[in-house]
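This report describes how the elements of one protein chain pack together. The sequence and the structure are shown first.

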Amino acid sequence: MTIQADNTFVQIPDWIVFTASNTALKTYAVLMTHADRRTHGCYPSRRTIGTEAGMSDTTLDRAIKELVGIGALTVTRRKNPDTNEWTSNEYLLHTGPRTQ
């Protein structure tokens, strides 16, 4: 017997579910779909996140700021070492117990 599923899912710590706004929660879920399952890091563009979450840049920025503020996310701006130009952000999702 073979079981096939066409859907995927993400796990979100309960403290984030009960702390974050709906917009921030959706942003976290979208980021989690891109995250490495071991490191929980990802590099999607802001355009990709906004499109998949169905929100404007301003709303996305507020949601990311909220997630950083509650300790659910760390954002690191990255530069290309050869050109010194900004590239994509690294998003590190915190999935363990709340530390704040």
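In this predicted model, helix H3 spans residues 46-53, and its buried residues are Ile 49, Gly 50 and Ala 53. These buried residues lie on the same side of H3, because the arc they cover around the axis is only 95°. An α-helix has 3.6 residues a turn, so residues three or four places apart point the same way. Arg 47 and Thr 51 are exposed on the other side of H3. The partners against which the buried residues of H3 pack are helix H2 (22-34), helix H4 (57-69) and strand S3 (86-93). Gly 54 follows H3 and has a positive phi, near 70°.

Helix H2 is made up of 13 residues. From its first C-alpha to its last, H2 reaches 19 Å, close to the 18 Å expected at 1.5 Å a residue. The buried residues in H2 include Ala 24, Thr 27, Tyr 28, Val 30, Leu 31 and Met 32. Among the elements covering the buried residues of H2 are helix H1 (14-19), strand S1 (41-42) and strand S2 (73-79). H3, H4 and S3 also belong to this cover.

Two packed helices are described by the angle between their axes and the distance between the axes. For H2 and H4, the axes come within 8 Å and cross at roughly 85°. H2 is therefore roughly perpendicular to H4, since angles of 65 to 115 degrees are classed that way. On the H2 side, the residues that meet H4 are Thr 23, Ala 24, Thr 27 and Tyr 28. Their counterparts in H4 are Thr 59, Leu 60, Ala 63, Ile 64, Glu 66 and Leu 67.

One residue of this contact, Leu 67, lies in helix H4. Leu 67 counts as buried because its relative accessibility is 0%. Leaving aside residues up to four places away in sequence, Leu 67 touches Ala 24, Thr 27, Tyr 28, Ala 72 and Leu 73. Tyr 28 is 39 residues from Leu 67 along the chain, and the C-alpha atoms of the two are separated by 7.6 Å.

H4 is also linked to H3 by a charged pair. Asp 61 forms a salt bridge with Arg 46, and the closest N and O atoms are 2.6 Å apart. This pair joins distant parts of the chain, with Asp 61 in helix H4 and Arg 46 in helix H3, 15 residues apart. The count of salt bridges comes to 1. The table gives the accessibility of the two partners.

| Residue | Relative accessibility | Class |
|---|---|---|
| Asp 61 | 36% | partly exposed |
| Arg 46 | 32% | partly exposed |

Both values are above the 20% limit for buried and below the 50% limit for exposed, so Asp 61 and Arg 46 are classed as partly exposed.

The secondary structure of the whole protein comes to 4 helices and 3 strands. Along the sequence, these elements follow the pattern α-α-β-α-α-β-β. Taken along the principal axes, the C-alpha atoms fill a box of roughly 55 × 35 × 25 Å. The protein has 100 residues, of which 29% are buried. Among contacts between residues at least 6 apart in sequence, 49% join residues at least 24 apart.

Technical notes:
Residues numbered from 1 in each chain as written. Predicted model: local features only at pLDDT ≥ 70, side-chain atom pairs only at ≥ 80, totals over all residues. Heavy atoms only, no water. Buried < 20%, exposed > 50% of the residue type's maximum accessible area, 1.4 Å probe, protein only. Helix = DSSP H or I, 4+ residues; strand = E, 2+ residues; numbered from the N terminus. Arc of directions from axis to C-beta. Contact = heavy atoms within 4.5 Å. Expected span 1.5 Å × (residues − 1). Salt bridge = Lys/Arg side-chain N within 4 Å of Asp/Glu carboxyl O. Axes fitted to C-alpha atoms, helices over the stretch in contact; angles between N-to-C directions. Parallel < 35°, antiparallel > 145°, perpendicular 65-115°, else oblique.
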